Amino acid sequence: QVQLVESGGGLVQAGGSLRLSCAASGRTFSSNAKGWFRPAPGKEREFVAGITWSGEITYYADSVKGRFTISRDNAKNTVYLQMNSLKPEDTAVYYCGVSTARYTVPKTQADFISWGQGTQVTVSS
């Protein structure tokens, strides 16, 4: 099984920045699409950002586009989420997931088969 470990969360004031990291074990993670999700009350886990195995294609939720940047370092089996201009509504537990896809970026929770434990991001006013 692929093991994912998120880190980098914390408490930050509105307008501040954080960088989340997701370290993975195994070759599967390095060759598959990865994504970041956050739970929404009363809804399924919502897509935040995703990236293909090559890093050539990235997708973002409309709510974070222009503020968040996803990237990956396959040599380190790590995916990153740089979060700038953070807003209180960004407060959530952020989860890193791995998909079966390699050349596309799935955008639904059902398309991701493994998840990390999550890292808490809290944005204060």
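In this predicted model, strand 9 and strand 10, the latter covering residues 112–115, pair in the antiparallel sense over 3 bridges. Within this pairing, Gly 97 of strand 9 has Trp 115 of strand 10 standing opposite. Strand 9 itself runs over residues 92–99, and it offers a convenient place from which to begin reading the structure.

Two further strands pair with strand 9. Strand 11, made up of residues 119–124, runs antiparallel to strand 9 and is joined to it by 3 bridges. Here Val 93 has Gln 120 of strand 11 as its bridge partner. Strand 4, which comprises residues 34–38, also pairs with strand 9 in the antiparallel sense, over 4 bridges. In that pairing, Phe 37 finds its bridge partner in Tyr 95 of strand 9.

The surroundings of strand 9 may be described next. Of its 8 residues, 7 are buried, so strand 9 is largely enclosed by the rest of the structure.

From this strand the view may be widened to the whole chain. The secondary structure of the protein chain amounts to 1 helix and 11 strands. Read along the sequence, these elements follow the pattern β-β-β-α-β-β-β-β-β-β-β-β, which places the helix after three strands and before the remaining strands. Among contacts between residues at least 6 apart in sequence, 60% join residues at least 24 apart.

The overall dimensions come next. The C-alpha trace spans about 40 × 30 × 25 Å along its principal axes. For 125 residues, a compact globule would have a radius of gyration near 14 Å, and the value of 13 Å for the protein chain agrees with this. Buried residues account for 46% of the 125 residues.

The outer surface and the charges complete this general view. The protein chain exposes about 6400 Å², and carbon and sulfur atoms supply 47% of that area. The chain carries 13 positive and 9 negative side chains, and the centres of the two sets lie 5 Å apart.

Attention may now turn to individual residues in the loops. Thr 52 is placed in the loop between strand 5, residues 46–51, and strand 6, residues 58–60. Is Thr 52 buried or exposed? Its relative accessible area is 2%, and because buried means under 20%, Thr 52 counts as buried. Apart from neighbours within four places in sequence, Thr 52 is in contact with Ala 33, Ile 57 and Arg 72, as well as with Arg 102, Tyr 103, Thr 104 and Val 105.

Two other loop residues are set apart by their backbone geometry. Asn 77 lies in the loop between strand 7, residues 68–73, and strand 8, residues 78–83. Its phi is near 50 degrees, a positive value in a residue other than glycine. Asn 77 has a relative accessible area of 21% and is therefore partly exposed, since this class lies between the limits of 20% and 50%.

Ser 85 is found in the loop that follows strand 8 and leads to strand 9. The phi of Ser 85 is likewise positive, near 50 degrees, in a residue other than glycine. With a relative accessible area of 40%, Ser 85 is partly exposed. The loop holding Ser 85 thus returns the reader to strand 9, the strand that pairs with strand 4, strand 10 and strand 11.

How values were computed:
Residues are numbered from 1 along each chain as its sequence is written. This is a predicted model: local features need pLDDT of at least 70, side-chain atom pairs count only at pLDDT 80 or more; totals for chains, interfaces and linings use all residues. Side-chain values use heavy atoms; hydrogens and water are left out. Buried means under 20% relative accessible area, exposed over 50%, partly exposed in between (1.4 Å probe, protein chains only). Contact means heavy atoms within 4.5 Å. The radius of gyration is taken over C-alpha atoms; the globule rule is 2.2 Å times the number of residues to the power 0.38. Accessible areas come from the Shrake-Rupley method with a 1.4 Å probe; for residues, only the protein chains shown count as cover. Lys and Arg count as positive and Asp and Glu as negative; His and the chain ends are not counted. The place of a charge is taken as NZ of Lys, CZ of Arg, CG of Asp or CD of Glu. Two strands pair if DSSP finds at least two bridges between them.
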